[in-house]
Amino acid sequence: MALREQWAETAMGVVVLALAAGFLTYSLSVGGVHMKRGEYEISAKFGEAGSLSPGAAVSVAGVKVGTVSQITLEPKTYLAVAKLSIDPTVKLPADSTAKITSDGILGGAHVAIAPGASLEDLKPGGEIENTQGAVDLFGLIGSVIRPQGGSGDAAASSTPAPANPATQPAESY
């Protein structure tokens, strides 16, 4: 009886490992982190990557045309370098622009590419020169709510406000 229980446990372990391998394969294929066959890779440098991460969508006119395959920091310029895997059927003009946009207030980020007017296409391994980094939405809201510093703020806060004559008591003679 003990031998039969051991075989049952071994068989159950094999089934669990097979299911785990299946889920891993599925998640890697759906996530799109790795380049698919035929895609070509271009790069774009951004001053601020924000919440952009590998696997994020790359779109043209709202249509997904690729994914972000890698993000690294360039040590000399401290710019974020994003490697973009693009569908081979999409030929981007050499003067295209790329910007990191938010998927929503709490969502992730993706790269939106605006095609240029150049007659030459970006070659595999090429770089999008004109880029716009991510905008820190919470920092922007915070600066509107509580502005700090500025040319007129310091002077206004150090001088008392002029008195309103209607609220002042009349002088007695």
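## Briefing: strand β2, its sheet and a surface patch

Ser-59 lies in strand β2, and that's a handy place to start with this predicted model. From there we can go out to the sheet, then over to helix α1, which covers residues 2-31.

**Ser-59 and its surroundings**
- Ser-59 has a relative accessible area of 8%, so it counts as buried, the cut-off being under 20%.
- Leaving aside residues up to four places away in sequence, Ser-59 touches Lys-64 and Val-65, plus a run of His-110, Val-111, Ala-112 and Ile-113.

**Pairing of β2 with β3**
- Strand β2 takes in residues 57-60, and strand β3 takes in residues 63-74.
- The two strands run antiparallel to each other, with 4 bridges in the pairing.
- For Ala-57, look to Thr-67 in β3: that's its bridge partner.

**The whole sheet**
- Zooming out, there's an open sheet of 8 strands with mixed pairing.
- Its strand order reads β7-β1-β4-β3-β2-β6-β5-β8.
- At the edges sit β7 (127-128) and β8 (130-132), each of which pairs on one side only.

**Helix α1 and the nonpolar patch**
- Phe-23 belongs to helix α1.
- With a relative accessible area of 61%, Phe-23 is exposed, because anything over 50% falls in that class.
- Phe-23 also joins Met-12, Val-15, Val-16 and Leu-19 in a nonpolar patch on the surface.
- Taken together, those five patch residues, Met-12, Val-15, Val-16, Leu-19 and Phe-23, have about 520 Å² of accessible area.

How values were computed. Residues numbered from 1 in each chain as written. Predicted model: local features only at pLDDT ≥ 70, side-chain atom pairs only at ≥ 80, totals over all residues. Heavy atoms only, no water. Pairing = 2+ DSSP bridges. Patch = residues over 30% accessible without salt bridge, like charges linked within 9 Å, V, L, I, M, F, W, Y side chains within 5 Å. Areas by Shrake-Rupley, 256 points an atom, 1.4 Å probe, with all protein chains shown as cover. Salt bridge = Lys/Arg side-chain N within 4 Å of Asp/Glu carboxyl O. Buried < 20%, exposed > 50% of the residue type's maximum accessible area, 1.4 Å probe, protein only. Contact = heavy atoms within 4.5 Å.
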